[in-house]
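Biologist: I should like to understand how the terms used for a model are justified. May we begin with the model itself and take the terms in turn?

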Amino acid sequence: MRNFIRFIVRYHLFFLFLLLETICLYLLVNYNHHHNQTFVNSSSKLAAGVLEISSNFTDYFSLKRANEELSRENAFLRTQLPENTYNLSEPAPVNQLTEDSIHYRYRPAKVINNSINKFHNYITINKGSNHGIQPEMGVISARGLVGVVRHVSPNYATAISLLNTQFKISARLRETNHFGSLEWDGRSYQYAILNEIPGHAKVSVGDAVVTSGYSALFPEGILIGTIEDFELNEGEGFFVIRVKLSIDFKNLTYIETVEKITRNEQQELEKLTSDD
Amino acid sequence: MINQLGRYLLSFIAIVLVQVLVLNNLNLGGYVNPWLYVLFILILPVETPKWLLLVFGFITGLIMDAFLNTIGMHASATVFLAFLRPIFLRFLAPRDGYEPGSLPVPSHFGFGWFLKYALVSVTTHHLFLFIVEAFTFENFFVTLWKSILSSLVTIMVIMIAQLFSSREKRRI
């Protein structure tokens, strides 16, 4: 016992250090949601990880081909969606005309280069003008919005990522239809900021944020993310909303480009109007 | 003694205010943020009891956390720095040891010495802070890069702060 006390006294500094760090860690895990989740997740990951590794090895060999097939099938299915086809022989009712006459074409591609840690992030994909890809086409994946094609070479294309501080897109709340502009603040690859939602709109955590369809790049209603938190900017009367992106940009592999076939027509018309 | 206590209390308040009111709103280029408050731990007298250093580190960190809504994060990093400070000082000690009453500031040991001291301490603190912030070793090089950038900015701010306080310190 005396030895034990001597031991404590001798290393009292180190024990005090440990004690304080433990208090810090305790506070950190208990009061910060993000850390809390990581803590719980990583501990359960340990057990599940072992099982996962073994199944990963066996699945791995067919994975690449399976992914490509799924991605191609996705693109095909999207083209088949009712709002993407229109039938000339059968005149649509007036109130559906605008929606039905929009026609989108999807092309699958694979991401071959990607970054998330810069302020101007770009994505390179393995399809180019030979495959019908042109600048200013939207880029989406099965889980949501990715970016917009910037430059095109015969076999490759680069796209400006949503994780680019120069990228701005019109987005709306799925529940209330209020729209605002979404941009990335250059901080975390998981979050973007939605501005210009008026203060009287009903906003709640967890609501989906989707594309508004005004930009002529993306169809309406493509998922962008969900509301993580928000605050009212008292001076301006607008909400500043933090959106948790639905896409994990860290492991983006298969994407699709969206082409709006009537886009030129829409733009020419809008240009005519704004020139007046 | 009382005089000294008052001076440290004043400098503590000044440092915290500058940190909270000015530097926390700076956010250079998105994620580079100078953490000037570590200066308070750095400039405490060489003979400060080690346990007191730890307690001071804990309190300073907790106050910063209270302002930043990151309970525990800065406290843990500052306690870590306070724990390592005596070791850093031992490595940087002059050939015949520290004289009683000496302060680890440029006016006592020179600009170059202080720069070395600040560089080691601030980098350690920031690296610990950013690892705790990320709470993972994934993307370790991003964390490393962020902490190096932030350290450089912090050291710059610390050097500027030293220019303001040096005139007063020389009188001791």
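Biologist: Why is Arg242(A) called partly exposed?

Modeller: The relative accessible area of Arg242(A) is 29%. Buried means under 20%, exposed means over 50%, and partly exposed is in between (1.4 Å probe, protein chains only). Arg242(A) is therefore partly exposed at 29%, and Asp229(A), at 35%, counts as partly exposed as well.

Biologist: What kind of model is this, and how are its parts labelled?

Modeller: This is a predicted model, in which local features need pLDDT of at least 70 and side-chain atom pairs count only at pLDDT 80 or more, while totals for chains, interfaces and linings use all residues. Residues are numbered from 1 along each chain as its sequence is written, chains are lettered from A and ligands numbered from 1 in the order in which they are written, and side-chain values use heavy atoms, with hydrogens and water left out.

Biologist: What makes the pair of Arg242(A) and Asp229(A) a salt bridge?

Modeller: The term requires a side-chain nitrogen of Lys or Arg within 4 Å of a carboxyl oxygen of Asp or Glu. For Arg242(A) and Asp229(A) the N to O distance is 3.4 Å, and the pair therefore qualifies. Strands (E, at least two residues) and helices (H or I, at least four) are DSSP runs, numbered from the N terminus. Because Arg242(A) lies in strand E11 and Asp229(A) in strand E10 of chain A, the pair ties together parts that are 13 residues apart in sequence.

Biologist: How many salt bridges are there over all chains, and which residues are linked in a network?

Modeller: There are 4 over all chains. Arg105(A), Arg107(A) and Glu259(A) form a network of salt bridges. From Arg105(A) to Glu259(A) the closest N and O atoms are 3.9 Å apart; this pair links strand E1 with strand E12 of chain A, and its members are 154 residues apart. From Arg107(A) to Glu259(A) the corresponding distance is 2.9 Å, and these two residues, also in E1 and E12, are 152 residues apart.

Biologist: Is Arg107(A) buried or exposed, and how do you know?

Modeller: Its relative accessible area is 15%, so Arg107(A) is buried. Glu259(A) is buried too, because its value is 16%, whereas Arg105(A), at 38%, counts as partly exposed.

Biologist: How do you know that the length of helix H4 of chain B agrees with what is expected?

Modeller: The expected span is 1.5 Å times one less than the number of residues. The 19 residues of H4(B) should therefore span 27 Å, and the end C-alpha atoms are 27 Å apart, which agrees. H4(B) nevertheless bends by about 35 degrees at Leu84(B), with Pro86(B) following within four residues. The bend is the angle between axes fitted to the seven residues ending at a residue and the seven starting there.

Biologist: What makes a set of residues a nonpolar core, and how many residues has the largest?

Modeller: A nonpolar core is a set of buried Ala, Val, Leu, Ile, Met, Phe, Trp, Tyr and Cys residues joined through side-chain atoms within 4.5 Å. The largest has 54 residues, and those with the most contacts inside it include Leu36(B) and Phe114(B). Helix H2 of chain A and several helices of chain B, among them H4, each supply at least two residues. H4(B) gives the most, with 10 residues. A second, separate core of 48 residues includes Ala109(A) and Leu245(A).
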